[in-house]
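Student: I have the sequence and the model open, and I would like to understand the reasoning behind the labels. Could we go through it together?
Tutor: Gladly. Have a look first, and then ask away.

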Amino acid sequence: MSQALSTDVLIVGGGIAGLWLNARLRQQGFATVLVERGSLGGGQSLKSQGIIHGGAKYALHGALTGASEAIADMPRRWREALAGNGELDLSGVRILSDAHYLWSPGTLAGNLTSFFASKAVRGRVDQVKGEQLPPALQHPKFKGKVYRLAELVLDVPSLIARLAELAGDSLLAAERIEPLQENDELCGLIVDGREIRAQRVVFSAGAGNADLLAALGVEQPAQQLRPLHMVLAKGPALKPLYAHCLGGGPKPRVTVTTHPAADGQWVWYLGGDLAEADGVARDEAAQIEAAKKEMASLLPWVDQSQTRWATLRVDRAEPAQSGLVRPDNAFLAEQQRLLVGWPTKLALAPDFADRVLATLQRDKVQPAGHAPLPELPRPALGQPVWEALLP
Ligand code: FAD
């Protein structure tokens, strides 16, 4: 059996939630170990579109809830971190776009009226025209209205790489996790046969949380999976576009982000309504056809003759909600020394870490002296999905 270890906080799951939390804890002097069974970011995080939402999209539903007010502070916190003067030093992480756009292809859609009346967007949305338009929309044939939202879009691979750097020697590649108990209480985990004692254990394993809880015989919190069928397009004629394109309904008809491929071409990553229920029901070929048709009708001037297409099925993991309603703040549940949660959005990773830190503070958990960690097998960084699907 490998050498037993002890630490302050033992984290399971190296997506954005676990990595952000790990970096914040280490910065505050806590000893940590973060266990990842796959690759860092390789769950949902590297499959996300990288939009740091400020809640504007949710205001499309009409009335703004208190919870969506919480998300309104996220762009500021991320901007400070990216500038190197926030809660973490994320300077060097690539910002793909300083703004995300709201794009109404026809006349002003009815749902925009309540949108502009809502608090989340007041004073933060400006209409843009001409040269200020996103490059893909700068064409004489373009009609419609475009509004700039104060929401960033990040290059998630560079974000995960930076957080892995901030993790120092705390990362551990391992697969098998069993509870470590003392007097009927969880006091750590047995990780690939190695005992790791900790003051607190955090499960931030995304879709893996359900199995981890089941292995501990814990039933709550319940998890829900929301399937998506995303589309990727790569071609020499594509130009950057970061926008929610509005249709008639409360959800964006398509959400487009654009990512740099290693060979210098741009990749469009398409989500929104296109990737939800009807899109999930379509097979890959039908989903690609639907996406081609959608993009040809929205951007008919883009020559798609050399564009290559692929799709990606991925589940969003969240706490169970009635009617699969999207939660809009981070979620954390506690059971004695075990904390478990889902950030529910990449953008809400800071909120997830706040919630864990608040429980440590409340319970007066302090950094305790621990022996330095031996050299541990380190999990690899996950790869961008577009490199795997459209090399
Ligand atoms: P994950 O990134 O899934 O990480 C969990 C990690 O735990 C994985 O690396 C996994 O390998 C590991 N793990 C699982 N089980 C175990 C185990 N037993 N032992 C060890 N390790 C384990 N959010 C936004 O804010 N903006 C967006 O634009 C956006 N776009 C999205 C687009 C898509 C298509 C999807 C699917 C999601 C999007 N999201 C977005 C949501 C966002 O990606 C997720 O909320 C966030 O990445 C979840 O992070 P996480 O760390 O909880 O989970």
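Student: Which residue in β8 is the bridge partner of I52?
Tutor: I52 is matched with L152 in β8. Please keep in mind that this is a predicted model.

Student: How do you know that β3 and β8 are paired?
Tutor: Two strands pair if DSSP finds at least two bridges between them. β3 and strand β8 (residues 152–154) have 2 bridges, in the antiparallel sense, so they meet the cut-off.

Student: What makes β3 and β4 edge strands?
Tutor: The sheet is an open one of 3 strands, ordered β3-β8-β4 with antiparallel pairing. β3 (51–52) and β4 (95–97) each have a single partner strand, so one side of each has no neighbour in the sheet. Helix α3 packs on this sheet, touching β3, β4 and β8, and its direction makes about 50° with that of β8.

Student: Why are α3 and α9 called roughly perpendicular?
Tutor: Angles of 65 to 115 degrees count as roughly perpendicular. Helix α3 (residues 74–82) and helix α9 (residues 349–362) pack at about 90°, with their axes 9 Å apart. That value falls in the range, and α3 and α9 are therefore roughly perpendicular to each other.

Student: Which residues make that contact?
Tutor: M74, R77 and W78 come from α3, while A349, P350, D351 and D354 come from α9. By class, the contact of α3 with α9 has 4 nonpolar, no polar and 3 charged residues.

Student: Why are α1 and α9 called oblique to each other?
Tutor: Helix α1 (residues 16–27) and α9 pack at an angle of about 50°, with axes 9 Å apart. Under 35 degrees would be roughly parallel, over 145 roughly antiparallel, and 65 to 115 roughly perpendicular. About 50° fits none of these, so α1 and α9 are oblique. Their crossing is right-handed.

Student: How do the residues of the contact of α1 with α9 divide?
Tutor: They divide into 12 nonpolar, no polar and 2 charged. The α1 side includes W20, L21 and R24, and the α9 side includes F352, D354 and L357.

Student: What is the hand of the crossing of α1 and α5?
Tutor: The crossing of α1 and α5 is left-handed. The axes of α1 and helix α5 (residues 156–166) come within 9 Å and cross at roughly 35°. I16, L19, W20, A23 and R26 of α1 meet L159, I160, L163 and L166 of α5. This contact of α1 with α5 holds 8 nonpolar, no polar and 1 charged residue.

Student: What makes β6 and β17 the edge strands of their sheet?
Tutor: β6 (125–128) and β17 (308–319) each pair on one side only. Their open sheet has 8 strands in the order β6-β7-β5-β14-β15-β16-β13-β17, with mixed pairing. Direction ignored, its neighbouring strands are turned by 25° against each other on average. Helix α8 (residues 284–298) packs on the sheet, and its direction makes about 105° with that of β17.

Student: How do you know that β13 and β16 pair?
Tutor: The cut-off is at least two bridges. Strand β13 (residues 223–235) and strand β16 (residues 266–271) are joined by 5 bridges and run antiparallel, so they qualify as a pair. One of the partnerships is L232 with Y269 of β16.

Student: And how many bridges join β10 to β11?
Tutor: Strand β10 (residues 177–182) is joined to β11 by 6 bridges, and the two run antiparallel. L180 stands opposite G188 in β11. The hairpin of β10 and β11 has 2 residues between the strands, and N183 there takes a positive phi near 50°.

Student: What makes D192 stand out?
Tutor: D192 has a positive phi, near 45°, in a residue other than glycine. D192 lies in the loop between β11 (185–191) and β12 (194–203).

Student: Where is the cis peptide bond?
Tutor: The cis bond joins Q220 and P221, with omega about 0°. P221 sits in the loop between α6 (209–215) and β13.

Student: How many residues of domain 1 and domain 2 are in contact?
Tutor: 13 residues of domain 1 contact 21 residues of domain 2. The centres of the two domains, taken over C-alpha atoms, are separated by 33 Å.

Notes: Residues are numbered from 1 along each chain as its sequence is written. This is a predicted model: local features need pLDDT of at least 70, side-chain atom pairs count only at pLDDT 80 or more; totals for chains, interfaces and linings use all residues. Side-chain values use heavy atoms; hydrogens and water are left out. Axes are lines fitted to C-alpha atoms, for helices over the stretch in contact, and angles run from 0 to 180 degrees between N-to-C directions. Helices (H or I, at least four residues) and strands (E, at least two) are DSSP runs, numbered from the N terminus. Contact means heavy atoms within 4.5 Å. Ala, Val, Leu, Ile, Met, Phe, Trp, Tyr, Cys and Pro count as nonpolar, Asp, Glu, Lys and Arg as charged, and the others, Gly among them, as polar. A crossing is left-handed if the near helix is turned anticlockwise from the far one by less than a right angle, and right-handed if clockwise. Domain bounds come from an automatic or database domain assignment.
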